[in-house]
Amino acid sequence: MFEEFKWLPDQASTVAPEVDMLMLFIVVVTVFITALVTVLTLGFAVAFRRKSESYIPAPWFGCIPLEIGWTLIPVGICLVMFSWGVKVYSNIVIPPADAMEIYAVGRQWMWKIQHPEGQREINALHVPIGRPVKVTLTSEDVIHCFSIPAFRVKQDVVPGRYSSLWFQATKAGTYQLFCSEYCGTEHSRMIGKVIVMEEADYQKWLSEGAESGQALQGRKLYTKLQCVTCHTGNAEAKAPNLEGIYRKHIPISHIDGVKIKDGTKVFADDSYIRESILYPNAKVAAGWESIMPTYQGLVTEEELLQVIAYIKALNQGQTPPRTEETPTPATIQNKNPNKEVN
Amino acid sequence: MATVGLESKTFEKFADVVGHDDDLNYLNHDHSVLSWLFTLDHKRIGLLYLVTITLMFLLGGALAGAIRLELLTPKGDFLTADTYNKAFTAHGIIMLFFFLIPSIPAVLGNFLVPLMIGAKDVAFPRLNLFSYYLYFAGSVIALTALLLGGVDTGWTFYTPFSSTYSNSYVIVMAVGLFVVGFSSILTGLNFIITVHRMRCPGLTWFRLPLFIWGIYATSVVQLLGTPVIAVTLGLLGVERTLGVGIFDPRLGGDPILFQHLFWFYSHPAVYIMILPSLGVTSEVIATFSRKNVFGYHIIAFSSIAIAVFGFIVWAHHMFTTGISPYAAMVFSLLTFSVAIPSGIKVFSWLATMYGGSISFGTPMIYAFGFLGLFTIGGMTGLFLSTLGTDIHLHDTYFIVAHFHYIMVGGAIMGYMAAIHYWWPKMTGRLYSEFWGKLSAGITFIGFNFTFFPQFILGYLGMPRRYYEYPDEFQVLNVFSTAGATILAVGYLMPLVYMPYSFFFGEKANSNPYGGSTLEWTNTTSPPSPHNFEKTPVVTEEPYHYHAKEAAVVSH
């Protein structure tokens, strides 16, 4: 019990020392103020203890300079903490543009992780040292929270939407990955390990037993789920061309079936693509009719991530031709739940 | 018996020490059970609450004991995982909704508001009794939910776990909370109107005791905040039973919406728990320092400021949910704004003690304990308002320690100070000062022993609501459990010496501590059924010790 004990958590990411420095600052300030209050309380209690039952002390109603002092000094201290906190927070939440991307899906009670290269793992996350890593997160059921104390990062994992966190590991080793949002019976067993490796070891690990890449899995789904039937990328298309749309601003014409102002655009990020697959009617690309069926219940969260990875990688002229293995989506057309949009 | 009374030049007084032992009072004028169960007397209703919430506190405390026992070892060995989850859920719900929220407002607010403002009763005595029975009915429904098999959602009821995935008695519990919520709303309403309409002649707003300011601010929060949680639980029930999509994304709902609605009430609820304790501390420090409260107006306004700011900081519970970083920054800044009036209060109390004539009765010892624990609780709040550190500390044991320092350290120490301070008035008896001070000391030490290690656990990264935990966290958990046993002794001691005092304690005179407010200067201990012989008339600010000649009064 004592051998594993330590007073300070591992410090294994670029933001960890920043968080700890801010933490130290607040510890120093608060310990000072607490000590001041304690000393004054005990000091006054002794110095002004009742010496005579008949003594009535002189009143003291207020003292403007003193009151201004104990209002403005705390305001100043709070503003310093706030600003410093915002600075550190910005570093925690804004990922560098060149971060490598990993996907994680939480479910009761495990973490399922996919690397773009195709590696998949459960309750383990292998990452290289010294490279920024962005983890895109979603949940299949309830809210979870992806938390790595050694990196000082934490992000709730919410069903029905994507969230993300990023870190850059600085020290090789194995660290705890916790679910820190209560999620039911085995919440406390929804624990994984983060394994930080040297770049060479990481590349070696990636090549071992990897299935085909995530985008390639997505390409298979793109034909299997009949996406290619309408999103053909050529003149026969019944739906917008998806080549190169990722992280572009796309003009849209309808939101939830309601016509909106011309020229409105939406940013085609992971969340937009996900929404368009599950709720095609939510934001309809300008110039197209809302004929797409919903894929709710037909595609898992992991498959969605694979399709998105594929759309992300899809460049000009790369949409695959429709093949005989992907017949006209009669089943889907029959159960089209979308109402006609005017 | 020699004791200190204050010769009042102010109030229309009718004796130096009011009343005699054999007077008819609110306790002995009718002994029948029905006279208690159907009483419209605010003092008796206060005592009904006292008995009921004490039982709830014992139940909540027993559950806390079970939780700490389980956490003694890293493996799950005492309870099953589901039982553990139900235990911490029940602990949270009982302690918050059935003990802390009604504690000072329902027990002492009921007993004291009319006495302190020179009124015969609250504005609506029947509504007051109805509020008690709503509380009672809510408790019965909640206990039914526990007996049926309990609830495993955590007291926060986060969706979609609570609305779709949990297989426990969420609806029954939600109904219980809905009902008890109305008890809180109606009590708040009653007090607001009582304070507005029933102050005795001369008792202007700025002559009110600071306890009344605290209760008034609390009542406003109860009245404005509680309907939101009632509606939220209603929506949760509609989704869970009828499948209407509100919070579950599979039904087109938004799980984060629930958190916004939930915390819009539940953050201000923290101020329902702490504001009355702040009021109590002002009273106790003034009386035991025999001095006016420094910066009376500022303290009164800071209670109102805390109540108002309390409504605009809720999203600081949600910094890791993925809310917009700009929203997070705004809520972080607003959260710091709560620190300022809280700090002003603490410094003003110190200035009240400065130059005073301080005696160390049991209530004062509890108030010192309050000051220490509230300061640590408030200071650790700064780590959580600061965005850069909150991300790491959120949902860890740091949070658990922080809110226990505020809500258990602060609110319960304040409650204990209040019970000990007004006990002679409520019962006409004195309790043992020796046991009182000992229990205050043990509670303070046991509390710090229990919860301080949890700050370190949180910084090390231990998530809250964990039934099992990695081995490296065991040492501090053992400390915490050991401290909890000391804390339990501190809390259990008053349950022995207070009832003993009720039956066998030395008789108290009308003002054993030399208090300056109306309940001490103008009523007997215990008060007569209709409170005052003659409606008091107030001609000056409270705590005017210096305007009076001290006199040793014998009787």
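Hi everyone, this is a short walk through a predicted model, from the domains of chain A to a hairpin, a helix and the contact with chain B.

Some housekeeping to begin with. Residues are numbered from 1 along each chain as its sequence is written, and chains are lettered from A, with ligands numbered from 1, in the order in which they are written. As the model is predicted, local features need pLDDT of at least 70 and side-chain atom pairs count only at pLDDT 80 or more, while totals for chains, interfaces and linings use all residues.

Let's start with the domains, whose bounds come from an automatic or database domain assignment. Chain A is given domain 1 (16-48 + 58-93), domain 2 (100-207) and domain 3 (214-334). Between the centres of domain 1 and domain 2 of chain A, taken over C-alpha atoms, there are 36 Å.

Now to the hairpin. I'll be talking about helices (DSSP H or I, at least four residues) and strands (E, at least two), numbered from the N terminus. Strands β6(A) and β7(A) pair in the antiparallel sense over 5 bridges; pairing here asks for at least two DSSP bridges. A:Ser147 stands opposite A:Lys154 in β7(A). There are 4 residues between the strands, and in this hairpin A:Arg152 takes a positive phi near 60°.

So how many residues of strand β7 of chain A are buried? Buried means 20 or more other C-beta atoms, placed from the backbone, within 10 Å of the residue's own; 12 or fewer is exposed, and in between is partly exposed. In β7 (residues 153-157) of chain A, 5 of the 5 residues are buried, so the strand is largely enclosed by the rest of the structure. In a regular strand, side chains alternate between the two faces of the sheet. Here A:Val153, A:Gln155 and A:Val157 are buried on one side, and A:Lys154 and A:Asp156 on the other.

Over in β6 (residues 144-148) of chain A we find A:Ile148. A:Ile148 is buried because 29 other C-beta atoms lie within 10 Å. Among the residues A:Ile148 touches are A:Val153, A:Phe167 and A:Leu177, where contact means C-beta atoms within 7 Å, placed from the backbone.

Next, helix α4 (residues 214-224) of chain A, where the buried residues include A:Gln214, A:Arg219 and A:Tyr222. Their cover includes β2 (110-114), α5 (227-230) and α7 (301-313) of chain A. Just after α4(A), A:Gln226 has a positive phi of about 70°.

Finally, the contact between the chains takes 76 residues from chain B and 74 residues from chain A. On the chain B side, helix α10 (residues 325-353) gives the most, with 14 residues.

Definitions and conventions: Contact = placed C-beta atoms within 7 Å. Lists of a residue's contacts leave out its neighbours within four places in sequence.
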